[in-house]
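Please open the structure in your viewer and keep the selection panel at hand. The stops below are arranged so that each selection leads to the next.

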Amino acid sequence: QCRNPGMYWTCLLCLPLCPEPVLLFANRIDIRQVLPHRSEYTLLLNNLENAIALDFHHGKELVFWSDVTLDRIMRASLNGSNVEEVVSTGLESPGGLAIDWIHNKLYWTDSGTSRIEVANLDGSQRKVLLWQRMEKPRAIALHPMEGKIYWTDWGNMPCIEYANMDGSNRKIIADTHLFWPNGLTIDYASHRMYWVDAKHHVIERSTDSKYICELFPLPGLPHPFAITVFEDSLYWTDWHTKSINSANKFTGKNQEVIRNKLHFPMDIHTLHPQRQPAGGRNRCGSNNGGCSHLCLPSNKTYTCACPTGFKKVDHYNCGLSLDKFLLFARRTDIRRISFDTEDKLDDVIPLADIRNAVALDWDSSERYIYWTDVTTDSINRAKWDGSKQEVVVDTSLESPAGLAIDWLTHKLYWTDAGTDRIEVSNTDGSMRTVLIWENLDRPRDIVVDPIGGLMYWTDWGANPKIERAGMDASNRMVIISTNLTWPNGLAIDYSTERLYWADASIKTIEYGNFDGSGRQVLIGSQLPHPFGLTLHEDRIYWTDWQSKSIQSADKLTGLDRRTLAENLENLMDIHMFHNHRTTVQTPCSVNNGGCSHLCLLAPSPKASSCACPTGINLQADSKTCTHGNADNFLVFARRTDVRMISLDIPYFADVVLEYFHAPAGKVYWSDSTLKKISRANINGTEHEDIISTGLMTTDGLAVDSVGRKIYWTDTGTNRIEVANLNGSMRKVLVWQNLDSPRAIALFHEMGYMYWTDWGEHAKLERSSMDGSDRVVLINNNLGWPNGLAIDKAGSQLLWADAHTERIEASDLNGSNRRTLVSPVQHPYGLTLLGPHMYWTDWQSRSIHRADKDTGANTITVRSNLPGLMDIQAVDRARALGFNKCGRRNGGCSHLCLPRHNVTSCACPTGILLRSDGRSCDNLPETYLLFSNRVSVRRISLDTNDHTDVYVPVPELHNVISLDYDSVERKLYYTDVSLDVIRRVNLDGSNMETVISQGLKTTDGLAVDWVARNMYWTDTGRNTIEVAHLDGTSRKVLVNNSLDEPRAIAVFPSKGFLFWTDWGHIAKIERAYLDGTDRKVLINTDLGWPNGLTLDYDTRR
């Protein structure tokens, strides 16, 4: 009899009355649903990479799938919404997936890691359930009512196994006559299990109790992959035929193709409540079985389980954190092996955006782990569990391959094989400074001994060696320099005071005393390519690139070798995280050792010393860093950042602007992508845009710090302009006969500006700083004159030409031309400081220096700097000089600009100087106003340059029509994106919306400046309306026989209103200003009558 009242007996089967079953299948690039009896299918999820395994949770209306290209397990609602990642780390080939719909758990197989894992439905509390004696687990199926898990394994010894869902009581069901056991499904009603074998082209079945295998007489199975069952039918996918097929589950007969010509059908399930019966008992009850973490069903009962690596503290509870674990990097992830449990399984720490992690270290006081990434060129940190991830250092790094934490003073030490430096900073990245920069070739690993105040590093350059120095860089010495080739990992045994190292070329692990004496080979065989090295208690641990394994041995004898993990690609650094590092009082513990900035440990008797951040010098008291900071430095642009190099210190180290400590002073730069000129303090604060309109390609920039002006060239607009340092009072100085103006340089004392032009006829020109007295200095044998600099002391002009590959010089009038440096590859920026000239080079990606008078003694200041652009030298000690305009702005109302021996007053672009020669109006007398959707501009007709000037109107989206009220000097305009009419002063102030409702497409606008009304056309509503200028008393004037009214104009003194209409029958009409006496003026030979204007003088 049928126990369920909603069912009835037929053909010995209890068939559901409703709903209709749906086949849910993965198709690599999408997930689809198909109705088996009608072959209709619908798309559930698309744009997937490589969806393989699949399952669902009917009660929660969720679908889960694995993607073996992204190595992710995902889930979404059954309607295709709310797509989210569930498991995103530590997967290699997750080919099987199964949902426990009773206990709400997710199980999956991974043939890459050879594991079966379990987690909550959101991916939390993940645990490796089965891993031993497993090769390539593939399909997986659950029987939550009985607490059983079933899976196939098609490794070298293919088999089908089962276990309890807590991993216990594991047994083999079948291990003969199997080759590629792919799909697996359970028929809960008949207590049978079905599977497919792709190699043998068969579907087989067994009973739960007796595990008797029966072969189906099913011919025509080229490559079956996945299988599901419902009622009396089996459904399976086939790779070869790219189809979904069905057959009778008892006899194998009645084969039919449900759907073919699919992309690549993978896993398949029957989406129906009977496939996830709701009657099963939840063994964990409503309180998770009293378990602190995972509650897993096990036959008739349940087991409390812990996430991988966490130890069980009692029957129900797990530890809240890991006390001891082996930490190792694997390029694209960072993993740990817990030593709190016996299984020694590795699991991935959930961290974001790891591209190429190499070096590692840790600090147990705050439970942070630190790592370097040589692809993103950064040093990063996060808590031991992956939380609070942040970038610590991400500038001026090239190949940070070694990392060490001073856990006593909380300092971060690192090597960089690209910059050939050893640097230090606080653990948060602040107060960074260069410790060692000379005689380093390819520094690799670094370790520190804060107890002894020493640091050690390996260098595998042309002369491989191991060196040591005080942690303040004092007392540097080579301790090992023979029988080394690729000295990789370093490790300190603090208990025996020994230094251990691995050599990947000689294939040894050796040790010696801290001074290099007592050298012994610890392990000299079966070491294909050791890389990382660490010690803990009586064991030494190392990673090996070639064997792809983590191994350990006795640290004193090298015997008792064990393999902790294998089949791990890209193994890098390794460390043991624990809570028992030795802590002692240091001189830096009290009042920071008396240091104003960095307190660094050192060997006895000094014990510590003070240091300053990069670019800053230590004062004579050896405690305090100078407040004046850098007096001489280079500022250079690198497309994506602005950097500085101090010239006051004995090494060249560039730092990004925001990390540079310097007093008052601003740096200015142009961005040709954002089309802006910006400025900021030298320490990176108070960043602001000073020019953000009317720029195209601002290649040259020069600041007159004496006259407080900024000059720039624009190769897009072919102009040279000037403005106050805040961007105000902008004026076009030169606009004629410019082709591609590039570099610009100023000689304020002489009142001259110089610029290069590398258009069709390259030249070097000079004019007064107000644009007058223009003269061509050099116009022959120039190609791409890029950099330009004025040597005021030597009264000479220097320029760099990327086409002739020369740096040349001449007198200030262009005579006495001579070559200083040749060849140079592709020079761009050029600057002078003291006896030297500095230039950037695109091709060498470097900054170079040479004597400015002779071009001799060329050196590379910094290399490997892609994207180099302009460069400027700053000498803070040099007096600025006398400002000719300094007193009362030279008597000028607006701009005061130097000329040779005199000054001249000037007005912003488009405005004429008054007859007094000193003052300007605020606006031109006559000008055009026009809109280009996102801006409103004016062109003065008073001056000859006809330069468009932006009217600073805020919040413009799509301005179509505008008019001007000359009485109140206000601009009126329509914005068809916002559907508003607004007005604003011409300086951009007092913007207000006068009409905000009932507009659709206001294409025309006209102001009646006499009666104080405004008229507009609305193409969307086919109306002409009128209102007072403040938007009140609004009225529809015309709303019939209008098709698409466009332009509109008023003639107040005659009382006329004119408009165009470019609807089906285009026309131009006229009416009185009240809308009466309407008349068609023209309705022939018109297409799209757009613009309309009136000549009041000639009445046309």
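This tour begins with the whole protein and then turns to individual disulfides.

**The whole chain**

Display the full model as a cartoon, bearing in mind that it is predicted. The cartoon shows 94 strands and zero helices. Oriented along the principal axes, the C-alpha atoms occupy a box of roughly 110 × 95 × 55 Å. The radius of gyration is 39 Å, whereas a compact globule of 1100 residues would have one near 31 Å.

Next, switch to a surface. About 46100 Å² is exposed, and carbon and sulfur atoms supply 47% of that area. Of the 1100 residues, 57% count as buried. Then colour by charge: there are 114 positive and 133 negative side chains, and the centres of the two sets lie 2 Å apart. Among contacts between residues at least 6 apart in sequence, 41% join residues at least 24 apart.

**The disulfides**

Return to the cartoon and show the cysteine side chains as sticks. How many disulfides does a search of the whole structure find? The search finds nine; three of them are visited here, beginning with Cys291 and Cys304, followed by Cys306 and Cys318, and then Cys892 and Cys905.

*Select Cys291 and Cys304.* Their sulfur atoms are joined at 1.9 Å. Cys291 sits in the loop between β26 (268-271) and β27 (294-298), while Cys304 belongs to strand β28 (residues 301-305), so placed that the pair links distant parts of the chain, 13 residues apart. The link is left-handed, with -75 degrees about the S-S bond. Both cysteines, Cys291 and Cys304, are buried.

*Select Cys306 and Cys318.* The sulfur atoms of this disulfide are 2.1 Å apart. Its S-S torsion is about -95 degrees, and the disulfide is therefore left-handed. Because Cys306 and Cys318 both lie in the loop between β28 and β29 (325-329), the pair ties together parts twelve residues apart in sequence. Are these two cysteines buried or exposed? Cys306 and Cys318 are buried.

*Select Cys892 and Cys905.* Here the sulfur atoms are 1.9 Å apart. Cys892 is found in the loop between β77 (871-875) and β78 (895-899), and Cys905 in strand β79 (residues 902-906), 13 residues apart. A value of -80 degrees about the S-S bond accompanies a left-handed link. Cys892 counts as buried because its relative accessibility is 8%, under the 20% limit. Cys905, at 15%, likewise counts as buried.

*Select Cys159.* This last stop is a buried cysteine with a relative accessible area of 8%.

Notes
Residues are numbered from 1 along each chain as its sequence is written. This is a predicted model: local features need pLDDT of at least 70, side-chain atom pairs count only at pLDDT 80 or more; totals for chains, interfaces and linings use all residues. Side-chain values use heavy atoms; hydrogens and water are left out. Helices (H or I, at least four residues) and strands (E, at least two) are DSSP runs, numbered from the N terminus. The radius of gyration is taken over C-alpha atoms; the globule rule is 2.2 Å times the number of residues to the power 0.38. Buried means under 20% relative accessible area, exposed over 50%, partly exposed in between (1.4 Å probe, protein chains only). Contact means heavy atoms within 4.5 Å. Accessible areas come from the Shrake-Rupley method with a 1.4 Å probe; for residues, only the protein chains shown count as cover. Lys and Arg count as positive and Asp and Glu as negative; His and the chain ends are not counted. The place of a charge is taken as NZ of Lys, CZ of Arg, CG of Asp or CD of Glu. A disulfide is a pair of cysteine sulfur atoms within 2.5 Å.
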